[in-house]
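Reader: Please examine one part of the structure shown below closely. I should like a connected account that sets its backbone and its packing side by side.

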Amino acid sequence: LLGATAGVRTQSPRPMGIVDLLNVPRVGDPQLSPDGAAVIYTQADADWKRGRRVSHVWLARVDGGQPVQLTGGTEGENGPRWSPDGKTIAFTAKRGDNESAQIYLLPAGGGEAAQLSTHASAASEISWTPDGSALYFIAPEPKTADEKSRDKVKDDVYAYDENYQQTHLWKVTVASKSEARVTDGDFSVVNYELSADGRKIAFHRTPTPLLGSSDEGEVWIANADGTSALRLTKNAVPESGASVSPDDSQLLFVSGSNAKFETYYNGRLFLVPATG
């Protein structure tokens, strides 16, 4: 009788609780394949043993059908990106003995992923070159020997808003796995976008990677190898989404400001000549 009563209770409608909400899978970062036939995306599920969400890469056909899970690493995967020919999927993940997330390449048809990068810090925000020969990524500067020794003895006391590493842009070649630094200096590249022809990079440069530095960031443009970097904006408002026009003559970006660059306005589109 008690068992029957419990069964009835489990089927009764009830309000959705916080645990139920946390158990709902989160889908994000959709990427359409070059031929438009499929979409890859991440699905993050609650992992109660780890106390966080773990995301994996999934694939769904645009014309319907059952989605397919492509990755299943214990630490999860992020940022999947199609290669220009649609044959390979790149993503970032922390696997094996790696202390930080690295770039992996997975055949679009399925199979085992192969590690591409061996960077000294975590790679993120990956992007293929138009010819598919290399990938760009953002990574923080590696920890110094002193910082590593402090971590080893768990000397983890730090001043608030001072515990960070500057983040910069790097490039890794697929064939040789060789890495090259694109930006360098006492600043951070917080996001970027390659031009359609792969010759230019639009990026946002801030004094630090901290959220509080966003209004001090500016829009920059440089050659694909990082040379001839040119600052295009000078204001006290945050910008985002810088993108190079098809003819490389202008940059489009979004700013939460009015035409006079006064802040606390809805996001608006702005254009700036690529020559400054």
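Author: S228 is found in the loop between strand 15 and strand 16 (230-231), strands and helices being DSSP runs of at least two residues (E) and at least four residues (H or I), respectively, numbered from the N terminus. This is a predicted model, in which local features need pLDDT of at least 70 and side-chain atom pairs count only at pLDDT 80 or more, while totals for chains, interfaces and linings use all residues. Residues are numbered from 1 along each chain as its sequence is written, and side-chain values use heavy atoms, with hydrogens and water left out.

S228 has a positive phi, near 55°, although the residue is not glycine. Most residues other than glycine have a negative phi. S228 counts as exposed because its relative accessibility is 60%; buried means under 20% relative accessible area, exposed over 50%, and partly exposed in between, with a 1.4 Å probe and protein chains only.

Strand 15 (218-223) also takes part in the interior: together with strand 10, strand 13 (188-194) and strand 14 (200-206), strand 15 gives two or more residues to the largest nonpolar core. That core has 13 residues, and those with the most contacts inside it are Y136, L169, Y192, I201 and F203. A nonpolar core is a set of buried Ala, Val, Leu, Ile, Met, Phe, Trp, Tyr and Cys residues joined through side-chain atoms within 4.5 Å. Strand 13 supplies the largest share, three residues.

Leaving aside residues up to four places away in sequence, Y136 touches, among others, L169, W170, Y192, I201 and A224, where contact means heavy atoms within 4.5 Å. A second, separate core of 12 residues includes I103, A123, I126 and W128.

Strand 11 (residues 167-173) is mostly covered, with five of its seven residues buried. Strand 10 (residues 134-140) runs antiparallel to strand 11, and seven bridges join the two; strands pair if DSSP finds at least two bridges between them. Within strand 11, V172 stands opposite L135. Strand 11 also pairs with strand 12 (residues 179-181), in the antiparallel sense and over three bridges, with R181 as the bridge partner of W170. These two strands form a hairpin with five residues between them, and K177 in the turn has a positive phi of about 65°.

A further positive phi, near 60°, belongs to F261, again not a glycine. F261 lies in the loop between strand 18 (250-257) and strand 19 (263-273). F261 is partly exposed, because its relative accessible area is 28%.
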